Number of protein chains: 2
Amino acid sequence: MIGVYDSGFGGLTVLRRLRERLPHHDFLYLGDSGRAPYGGRDVHTLLDFAEQCVERLFEEGCRLVVVACNTVSCVALRHLQRRYAGPGSERRILGITIPAAEAAVAVSEGHVGVLATTRTVSSGTFVTEIQKLAPRLRVTQQAAPLLAPLIEEGWESTEIARLTAERYLAPLREVDTLVLGCTHYPLMLPVLRQTFHGRLLDPAPFAAERLLDWLERHPGFTGPSQGRLSFLCSGDPASFREHGARFLGAPIDEVVHIAEEAGRLQRRTSMQVVTGQILR
Amino acid sequence: MIGVYDSGFGGLTVLRRLRERLPHHDFLYLGDSGRAPYGGRDVHTLLDFAEQCVERLFEEGCRLVVVACNTVSCVALRHLQRRYAGPGSERRILGITIPAAEAAVAVSEGHVGVLATTRTVSSGTFVTEIQKLAPRLRVTQQAAPLLAPLIEEGWESTEIARLTAERYLAPLREVDTLVLGCTHYPLMLPVLRQTFHGRLLDPAPFAAERLLDWLERHPGFTGPSQGRLSFLCSGDPASFREHGARFLGAPIDEVVHIAEEAGRLQRRTSMQVVTGQILR
């Protein structure tokens, strides 16, 4: 079983691509929707939340966790890897920023744009990772704090979305390849295509490709699988089912709620059995 | 010194009105900007944050705290009053929802609308408080989760703001009086006036009036004053100064940062001296 961790719903757009590429694997998705968005949190809180979520996925039996949130990948991945997946550990944690950087470097003709949350932009991680691979590539970042809430409101196809995209993309006219640096943004691809005339890059399919490679090189991290999909969330499960389906592109049957107590996610109890569903 | 507590910047629009009405009082504003927005938090987390903030204001020497955030007033005020300001206590905590309800009841001709955050709407507190005073008054609530982030982005005068307001206000056509149930919204009054043809009610001036009454009936809760204004925030102080000035309608000179450690605001230390400023 592969753990997929996100601050809320966005990571479901990544899970969708992981499942398409790895249909026979079991996935357990943990959306920390009760504490989303992470954007405005200070770094220590974000690391604390990320630790709690990753620990919960380990408790559930995952040995491999994919951090399917760009903000957490940019800010906390190194920390999580050092803490839980150092040399000798039987666990691994993978992010999605490096596959995104690799994909951007592979296709860009000279100038990459990165559209992301304020926190992701201020981390500078996309710039660092892209320029590690291609030091001469120009990278322009643009924080777009309204896009994710707009998509969560279900307004991604409205005139409001178009005008918002126009405003955020105006400083990116010279960019040839625009990385969607937040997992919400693929839902807005039709509107972004109207507004931006270069190449739009959703990193999720590349992350799925990289995961497939990785699993071939590292057998034994996932255990026996049946193609099952299970969900945990810290927010309201009914709202997770409803909104989550738009992000996953498929209905979500069952979600197990993880309560928060005094700032920490509850530990796993034998009462909470995650049975999962098989998508057809 | 009167403590004014808000989840971030919005309460500064209330502080502005409090200062206009009570220019000789000292105010200490605490904006929990590092953990804002509170909207998506579960109730226990929200209560926990509110306790930490109110405790900090008490530690700073405030005996009277105004909760200048509708979400906290709606969800946590009763809890805070029971915990810190019960019978025999020398402390008092006042909210802004009841003054808003009183103002709405005083002017409405039959149908009040409430525009607010999702959390405020789902608490039902505005409806309860209005109908306690006027059981026959019709009340229609509308959650507007995009408005506060849009205003924080500084886009309150754009076409995007107008279209967003139109969309949220469409179900409120029959309303004669619309309560701005979030302290961010007064910044959008010009656009709201274009979109809504009934009476728009910013509750802040009424809250200031009520506070003045209250202070006359309860002398001794504020101590000697010089008309000073001081600020604490849990987020980035530079960003607080910059954005806060728009909400306060005046420059903010100095902000003391309160760090968050393992999910809790730091206690007061002698290192952090809040000196305050006198606005002219």
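Here are legends for a few views of this predicted two-chain model.

**View 1. Chain A on its own, helices and strands together.** Following chain A through the view, you'll pass 11 helices and 13 strands. Its radius of gyration comes out at 18 Å, close to the 19 Å that the globule rule gives for 280 residues, so chain A is as compact as a globular protein of that length. If you're after overall dimensions, the C-alpha trace of chain A spans about 55 × 40 × 40 Å along its principal axes.

**View 2. Inside chain A.** Of the 280 residues in chain A, 54% are buried. Now look at who touches whom: take the contacts in chain A with a separation of 6 or more, and 76% of them pair residues 24 or more positions apart.

**View 3. Chain B laid over chain A.** Turn chain B by 180 degrees, with 0.1 Å of shift along the axis, and it superposes on chain A with an RMSD of 0.0 Å. That's the relation of a two-fold axis. Both copies use the same surface, too: 91% of the contact residues of chain B recur in chain A.

**View 4. Where the two chains meet.** Chain B brings 23 residues to the contact, and chain A brings 22 residues. On the side of chain B that touches chain A, the elements giving two or more residues are α2 (43-59), α7 (147-152), α8 (159-169) and β11 (260-261) of chain B. Of these, α8(B) gives the most, with 4 residues. As for chemistry, that side of chain B is a mix of 8 nonpolar, 7 polar and 8 charged residues.

Technical notes: Residues are numbered from 1 along each chain as its sequence is written. Chains are lettered from A and ligands numbered from 1 in the order in which they are written. This is a predicted model: local features need pLDDT of at least 70, side-chain atom pairs count only at pLDDT 80 or more; totals for chains, interfaces and linings use all residues. Two residues are in contact if their C-beta atoms, placed from the backbone, lie within 7 Å. Ala, Val, Leu, Ile, Met, Phe, Trp, Tyr, Cys and Pro count as nonpolar, Asp, Glu, Lys and Arg as charged, and the others, Gly among them, as polar. The radius of gyration is taken over C-alpha atoms; the globule rule is 2.2 Å times the number of residues to the power 0.38. A residue is buried if 20 or more other C-beta atoms lie within 10 Å of its own, exposed if 12 or fewer, and partly exposed in between; C-beta atoms are placed from the backbone. Copies are superposed by least squares on the C-alpha atoms of residues with pLDDT of at least 70 in both.
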